Amino acid sequence: MKLSLATRLFAAVLVTAVAVAAAMGISAHVNLSRDFVGYLNEQAVSRLELAVPSVTAGYRERGGWDFLRQRPELWHQLLRPPVDKGAAVPAVKPPPPQAELAGASRRFSLLDENRNRIAGFTDPVAEAIERPIVVDGITVGWLVLTPFESVSSGAEKRFADAQVRAAWAVGVAALLLAAAVAFWVSRRLLRPVRQVADATHRLAGGEHGIRVPQRQGDDEVAQLARDFNHLALTLQRNEVMRREFMADVSHELRTPLGVLQGEIEALQDGVRSLDAQALRSLHGEVITLHKLVDDLYELSLADVGALSYRKSALDLREVIDDTASAFGERLRSNGLSLQLELPAEPLPAFGDARRLRQLFANLFENSCRYTEQGGALRLQARREGGHALIELHDSAPGVRAEHLPRLFERFFRAEASRSRRSGGAGLGLSICQRIVEAHEGRIEAGPSPMGGLCLRVELPSAA
Ligand SMILES: Nc1ncnc2c1ncn2[C@@H]1O[C@H](COP(=O)(O)OP(=O)(O)OP(=O)(O)O)[C@@H](O)[C@H]1O
Ligand SMILES: [Mg+2]
């Protein structure tokens, strides 16, 4: 049987209320029978003590118990408290003892000196309470009380029943109230939860545009709705990005493949002769394709967190110096000058030297590609607080301000046609960003006072 959450919650509160009501009823009943019976017995004992003088007076007056044997109906008269003949008639009659209302005197018995019953309650039990009747120093009999054992008859029974009825009434009222509260709470709380559950189901089915109504407040249910909407939005964005990415990848692969295909067909048709020039061109296209596939592979590894890093303590000055030397020839042939401003003291960092070299190589590569002939590059490295700060400036052209925040997106090229001519797919800076993030650093792009672009890399310092 499939029970909804609302039904279960309702049942749980209901069962709790019933248990509480039952416990209340039982404890009221137990208390009543124990404490109330104890109270009645105390009252009965004081009534017994009050009766002793009357019974004694009766014996004294009649000179024995025979009058009671002959007329048992006199027994109840005898039990009444003696009236002090000498005293004035009291203005207010004293209230009858509580025990009288409960019928205590009906539980009295009178035994003679040999403990034979003369009058009263039939069978005095073993735990009966006794008081001797003493006349002139001689015990002439015993007044005996058979204690109450349970609340079973008369006024005390009515009182007990009223108590139990009140307990039941309270129990039933609590039960109804709890049921109403459970019903209300389950409807009010669970409706939004049900909405989220339905929406999650549809989201899992690929409906990324689904949202749930947001409620005011900061309780868990409102938080759940907010988080769900956030999750759905993220999934929707990721889905859009994934589609764009797939479209970009196929587009980027199709271009060099198309060029290759065209060149090969031209060779096959004899339109072009297979000479060194043609081979160089084919080789160039293959290299472009190869780099593209490599970069995509690296990025996909970085995205799943599988890009391996072998970190060790290193001096960033050495990494930068090595990379700059490797680009010496490229810079010269492009007519670019490089000004390296490295600090005199080491720039310690904890990182993967190979990946960091790849980072700076990508930046140098971009500066070589996108800086006009005869331009200049300046690399400044210094320590600031707990960080190593590296800035690479170059001269014109720069990147338009509105494009700056997008430079680190995959496949983004500021000036698509020019960048494509220079062989770029728009992946280099994305890879740089992944490398910097893997070193817990930051990378930003901004305009350079030299007229071009400034790439600013911040890496945590090792010491
Ligand atoms: N130093 C720079 N000066 C001017 N524009 C730049 C510079 N560096 C990058 N850009 C612009 O930013 C874009 C993105 O650079 P990124 O390195 O990510 O890709 P790419 O160089 O086009 O291709 P890839 O690096 O994948 O071969 C470039 O296409 C270029 O338009
Ligand atoms: Mg690049």
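This tour visits three sites in a predicted model, with a suggested selection at each stop.

**First stop: Arg107**

Begin by selecting Arg107, which sits in the loop that links α4 (98–101) to β1 (108–112). Is this residue buried or exposed? Arg107 has a relative accessibility of 19%, and because buried means under 20%, it counts as buried.

Next, add Thr146 and Pro147 to the selection and display their backbone atoms. The Arg107 side chain reaches the backbone oxygen of Thr146 at 2.8 Å. That side chain also reaches the backbone oxygen of Pro147, at 3.2 Å. To complete the view, show the other residues that Arg107 touches. Leaving aside residues up to four places away in sequence, its contacts are Phe121, Val144, Leu145, Thr146, Pro147 and Phe148.

**Second stop: ligand 1**

Now select ligand 1 and the residues around it. The shell consists of 21 residues, and the closest are Asn366, Tyr370, Asp394, Leu427 and Leu429. Colouring the shell by residue class gives 10 nonpolar, 6 polar and 5 charged residues.

Which helices should be highlighted here, as each supplying at least two residues of the shell? They are α10 (353–369) and α12 (428–438). The largest share, 3 residues, comes from α10.

Turn then to individual side chains and the oxygen atoms of the ligand. Select Lys291: one of its polar side-chain atoms is 2.9 Å from an oxygen atom of ligand 1. Select Asn366, where a polar side-chain atom lies 2.8 Å from an oxygen atom of the ligand. Select Arg369 as well; here the distance from a polar side-chain atom to a ligand oxygen atom is 3.1 Å. A surface display of the protein is useful at this point: ligand 1 taken alone exposes 600 Å², and the protein buries 98% of that.

**Third stop: Arg413**

Finally, select Arg413, in the loop between β9 (387–395) and α11 (416–421). The relative accessible area of Arg413 is 15%, so this residue is buried.

Add Gly424 and look at its backbone. Its oxygen lies 2.7 Å from a polar atom of the Arg413 side chain. Then add Gly426 and show the C-alpha atoms. How far apart in space are Arg413 and Gly426, C-alpha to C-alpha? They are 5.3 Å apart, although 13 residues separate them in sequence.

Technical notes
Residues are numbered from 1 along each chain as its sequence is written. Chains are lettered from A and ligands numbered from 1 in the order in which they are written. This is a predicted model: local features need pLDDT of at least 70, side-chain atom pairs count only at pLDDT 80 or more; totals for chains, interfaces and linings use all residues. Side-chain values use heavy atoms; hydrogens and water are left out. Helices (H or I, at least four residues) and strands (E, at least two) are DSSP runs, numbered from the N terminus. Buried means under 20% relative accessible area, exposed over 50%, partly exposed in between (1.4 Å probe, protein chains only). A polar contact is a pair of N or O atoms within 3.5 Å; within protein, one must be able to donate a hydrogen and the other to accept it, and residues adjacent in sequence count only if both atoms are side-chain atoms. Contact means heavy atoms within 4.5 Å. A residue is near a molecule or strand if one of its heavy atoms lies within 4 Å of it. Accessible areas come from the Shrake-Rupley method with a 1.4 Å probe; for residues, only the protein chains shown count as cover. Ala, Val, Leu, Ile, Met, Phe, Trp, Tyr, Cys and Pro count as nonpolar, Asp, Glu, Lys and Arg as charged, and the others, Gly among them, as polar.
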